[in-house]
Every structure is written in structure tokens, then in C-alpha cells.
Amino acid sequence: MEGKEEDVRLGANKFRERQPIGTAAQVPDKDYEEPPPAPLFEPSELSSWSFYRAGIAEFIATFLFLYVSVLTVMGVVKSPTKCGTVGIQGIAWAFGGMIFALVYCTAGISGGHINPAVTFGLFLARKLSLTRALYYMVMQCLGAICGAGVVRGFEGGNQYKLNGGGANTIAHGYTKGDGLGAEIVGTFVLVYTVFSATDAKRSARDSHVPILAPLPIGFAVFLVHLATIPITGTGINPARSLGAAIIYNKDHAWDDHWVFWVGPFIGAALAALYHQVVIRAIPFKNK
């Protein structure tokens, strides 16, 4: 059908105004037009190769994210002295650095979400359809499970479980409320950064903003990890928490697992609300 051809140049979204994140850098014009909201359902996506290609990109990206990050955690935990490892700072850099690299690599294909909370926030802001959002979340979770599974294969079952499997738990001395609050605020910081770094108004005004978008997103992940690793191990990504919990599969990893879904989704919803009510209300001024 005319007008339904896949536009490979624009990545996962064939409509310029509905690129979820990152791909606006490929749009040459500087004029800003307020984009219409994405439809709740878009059946034509199901017959488009770019739709499935985007899901594969999310799977691979989340797989690599869990592989590198959890393997880094394992290296720190199993060391008898933290001075001989990269420590908490190294773990934070592993998470933030991988997000930076993977968002850069996949932004033009899927939007580079790599996180169900990010996908949820963008869905609430009507940046993508429900069909695509659910598909992304499933592929992200599958990728996370596979990534954590490969780490267990490298470490060996006994060693993997002895060192905690990289699973998120609330640390001793903190309550479930503390953990929930940390996850809400941490995810708000991340999703708010995603909205700000990929805002269409800024893309129209400053040509360098979309190109640099992966950098502040990765840096936000790094900073949040520095702050909340001592509290929850830092989830802010339900797929990351689910993948590690399934492969580790110990009772204490499941006791507080709901925190790592409810917290990030609340944080993402608050960031989406703030973006829609406050940020989008700012008048656009071209240079």
C-alpha cells in the first residue's frame, strides 16, 4: 500500500515525529512541528520488518548489557579485597558505559530503550504504540535472562550463586520503603534525562543535541548507580532485575522483587508526567 513502505533511513519508526529516541539526529531540517501522539494500536507495524528488527536490536542490546554489567558485579563480589577490583565505581561505570554504547548503537534501529521502564515512560508520553511497547518489554526481558544465563555459564553454578548472581536485593539496614523510594527517584532521573536528551524542541534548536543524547543518558545511569548501589544494588531497569533473579533463583532475590518493577514504573510515569505537563509547555524558540 502506498505510503506504507519501510523507511530504513529513519530506523524503527517510519514516521519522523514518532521516533522514540535518538533518531531525530538524522532529520536535516531545523523547523519544529509538534508531533501528533502515537496511536494506541498500529496493526500495520506487525507486517513491517523494521518492527521485528527493532525488537531484535532490543534483545541483543539488553543481552550485552546484562552480560557485561553482571560479569563486572561478579568480579567485584568474589574478590577477597575490594581494593583489588574496580569497586562500586567500576560497577557504576560498567552499567553507565554500556548504556552509553548501546544507546548509541541501537538508537537508529529501535530507539535504544534497553529498559522496560524507559519504554513505559515513552509509551505514556505517546511516543510509541502499545503494540511496540509490549513487544520491546518482552524482548528486553528475554535478552536480560539470556545475558545473565551466559554469565552463570562462565562463572559456574556454585560460584554464581555464592556471589549473589548480580540479583537486586534491599540491603540490610534499609526498609522496603527505602528501596522503593530509591528506585522511584533513580528511575525518574534516568527517564527524565531520556526525555530531555531526545526532546524534539531541542533537536530542532541545537543540531548537536541528538548526536550527544547517549552521553547524558549513560552518565545518568552511572550517577544513579553510585548513589543507590548501597541501598538496592540499583535496579532502575526491571529487565535487568528479572534476568538476574531468574538465573540466580533464590528466595531472598524474589522477596523484594516487586520493588524493582513498581519503583521503576512509578518513576518512569512521574518523569513522563513532568515532561508532558512542564517541559512541553515551554514555548519553542529557534535560534
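Biologist: Is phenylalanine 154 buried or exposed?
Modeller: Happy to help, and please keep in mind that this is a predicted model. Exposed means over 50% relative accessible area. Phenylalanine 154 has a relative accessibility of 56%, so its class is exposed.

Biologist: How many aromatic pairs does the structure hold?
Modeller: Phenylalanine 154 takes part in one of them, with tyrosine 67. Ring pairs also link Phe51, Tyr52 and Tyr135 into a cluster. The number of aromatic pairs in the structure is 12.

Biologist: What kind of pair do the rings of tyrosine 67 and phenylalanine 154 make?
Modeller: Their ring centres are 5.9 Å apart. Planes over 60 degrees apart count as edge-to-face. The planes here stand at 75°, so the pair is edge-to-face.

Biologist: Which helices hold tyrosine 67 and phenylalanine 154?
Modeller: This pair ties together parts that are 87 residues apart in sequence, because its two residues lie in helix H1 (residues 49-77) for tyrosine 67 and, for phenylalanine 154, helix H4 (residues 130-155). In that order, the names are H1 and H4.

Biologist: Is phenylalanine 265 buried or exposed?
Modeller: Phenylalanine 265 shares helix H12 with tryptophan 261, 4 residues away, about one turn of the helix. Buried means under 20% relative accessible area. Phenylalanine 265 has 19% relative accessibility, so it counts as buried.

Biologist: Where is tyrosine 274 found?
Modeller: Tyrosine 274 is partly exposed, at 31% relative accessibility. Along with residues including Trp258 and Val278, Tyr274 forms a nonpolar patch on the surface, with about 660 Å² of accessible area together. Tyrosine 274 is found in residues 259-277, helix H12.

Notes. Residues numbered from 1 in each chain as written. Predicted model: local features only at pLDDT ≥ 70, side-chain atom pairs only at ≥ 80, totals over all residues. Heavy atoms only, no water. Patch = residues over 30% accessible without salt bridge, like charges linked within 9 Å, V, L, I, M, F, W, Y side chains within 5 Å. Areas by Shrake-Rupley, 256 points an atom, 1.4 Å probe, with all protein chains shown as cover. Salt bridge = Lys/Arg side-chain N within 4 Å of Asp/Glu carboxyl O. Buried < 20%, exposed > 50% of the residue type's maximum accessible area, 1.4 Å probe, protein only. Phe/Tyr/Trp six-rings, centres within 6.5 Å; stacked < 30°, edge-to-face > 60°.
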